[in-house]
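Subject: Structure for your review

Dear colleague,

Please find below the structure that I agreed to pass on to you. I would ask you to look through it first and then read the notes that follow.

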Amino acid sequence: MIKVNYHTHVKRCKHARGNVEEHVKTSIENGFQTIGISDHMPAPIIEGFPEKFVLKHRMNINELEDYLAEIEAAKQKYGHLINIYGGFECEYWETHLKYLKMLKEKSDYLVFGNHRIKQDGKVVSAFSINTAEEALIYANNAKKGLESGLFNCMVHPDLYLSKYQWNKTSLEVAKIICKAAKDNDIPLEINAKGISLGKRIIDNQSKYLYPREEFWEVAKQFDCKIIVGLDAHSLNIYDSPLLEEVMQFVDKMDIKLVDKLSF
């Protein structure tokens, strides 16, 4: 059963529920051994990027120090009961490298969420990728992020398959990401939130949009380190039947998991 989670969001991001202490306490109550708080990084607009709508789904810049202080207070209060780490889920934007390095210095760890790409000066959501060109931009940005030395894990690496079909280009994208993860010794995350979204009929079969079996077969071929992340946005996930469904996916894929990130 899952007792370690490094992918947790709190209400500061404006689309999750529960504060740091509530997530820590609920994790303890459900027998978790480790919790990592990794809310979305507050993102300054640099050179016009990211666009303002992106900022509606993350904490404000002026909340940064309070967020870190909240995690430190939880460590002091509950650290004897559970391993607590504080970090951020970040995009890899080359316009923000100095800022990302500052976040890494201030926190225990960073996870890499490749949510949005830039194409011809426009922002494209990874959930909306539907062309080979967009998929390859996603892959190359993921490769750069994995090679940057900034991140301790890449979360939901197969997010590009939410809308894009599995084909020759999809396979190439998976190989680019998995090779970069293997070469840089960075675990890839099987994302529980994707499983919570349920299955769809894809290629005449019932499949999750993500995690996608096709991607994880490639990850196994590259012998990548693989970890489960809850992508927790609410407190009820820690004792949800969803956790059993996640492990059923892992067992079906015959995946050997790691249960610790290296900081």
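**Two prolines and an unusual backbone angle**

P211 lies in the loop between strand 10 (205-208) and helix 7. Please bear in mind throughout that this is a predicted model. The peptide bond that joins Y210 and P211 is cis, and its omega is about 0 degrees.

A second bond of this kind runs from F49 to P50, where the peptide is cis with omega near 5 degrees. P50 is found in the loop between strand 2 (34-40) and helix 2. That loop is also the place of E47. Although E47 is not a glycine, its phi is positive, at about 55 degrees. These features deserve a mention because most residues other than glycine have a negative phi, and most peptide bonds are trans.

**How the helices pack**

Three helix pairs may be examined in turn.

Helix 1 (residues 20-29) and helix 2 pack at an angle of about 35 degrees, and their axes are 9 Å apart. On the side of helix 1, the contact is made by V20, E21, V24, K25 and I28, while helix 2 contributes E70, I71, A74, K77 and Y78. By class, the residues of this contact are six nonpolar and four charged, with no polar ones. The crossing in which helix 1 passes helix 2 is right-handed.

Helix 2 (residues 64-78) also packs with helix 3 (residues 97-106), here at an angle of about 25 degrees and with the axes 12 Å apart. Helix 2 is therefore roughly parallel to helix 3, because angles under 35 degrees count as roughly parallel. Helix 2 passes helix 3 in a right-handed crossing. In this contact, L64, E65 and L68 belong to helix 2, and M102, L103 and K106 belong to helix 3. Four of the residues in the contact of helix 2 with helix 3 are nonpolar, two are charged and none is polar.

The third pair consists of helix 5 (residues 168-183) and helix 7 (residues 213-221), whose axes come within 9 Å and cross at roughly 40 degrees. Helix 5 and helix 7 are therefore oblique to each other. Their crossing is right-handed. The residues of helix 5 that take part are L171, A174, K175, I177 and C178, and they meet F215, V218 and A219 in helix 7. The contact of helix 5 with helix 7 divides into seven nonpolar residues, one charged residue and no polar residue.

**An enclosed space**

How many cavities of 30 Å³ or more does the count give? The count comes to one. The largest cavity holds about 40 Å³ of space. Its lining is formed by Y6, H7, C153, V155, E189, I227, V228, G229 and L261. Strand 7 (153-155) and strand 11 (226-229) are the elements that give two or more residues to this lining. The largest share, three residues, comes from strand 11. Sorted by class, the lining of the largest cavity has six nonpolar residues, two polar residues and one charged residue.

**Open pockets**

The largest pocket contains about 310 Å³ of space. Its lining is made up of 19 residues, and those nearest its centre are H15, H40, H115, R116 and F127. The lining of the largest pocket divides into nine polar, six charged and four nonpolar residues.

The second largest pocket has a volume of about 220 Å³. Which residues line the second largest pocket? They are F49, Y92, W93, E94, T95, R116, I117, K118, I137, N140, N141 and K144. Strand 5 (116-119) and helix 4 (132-147) each supply at least two residues of this lining. Helix 4 provides the largest share, with four residues. By class, the lining of the second largest pocket comprises five nonpolar, three polar and four charged residues.

Two residues in these lists are worth locating in the structure. R116 lies among the residues nearest the centre of the largest pocket, and R116 also lines the second largest pocket. F49 belongs to the lining of the second largest pocket, and the cis peptide bond to P50 starts from F49.

Yours sincerely,

A colleague

Notes: Residues numbered from 1 in each chain as written. Predicted model: local features only at pLDDT ≥ 70, side-chain atom pairs only at ≥ 80, totals over all residues. Heavy atoms only, no water. Axes fitted to C-alpha atoms, helices over the stretch in contact; angles between N-to-C directions. Parallel < 35°, antiparallel > 145°, perpendicular 65-115°, else oblique. Left-handed = near helix turned anticlockwise from the far one by under 90°. Contact = heavy atoms within 4.5 Å. Nonpolar A, V, L, I, M, F, W, Y, C, P; charged D, E, K, R; others polar. 1 Å grid on protein atoms, 1.4 Å probe; cavity = no way out; pocket = protein on both sides within 12 Å on 5 of 7 lines; lining within 4 Å. Points joined across faces, edges and corners; volume = space filled by probe spheres on them.
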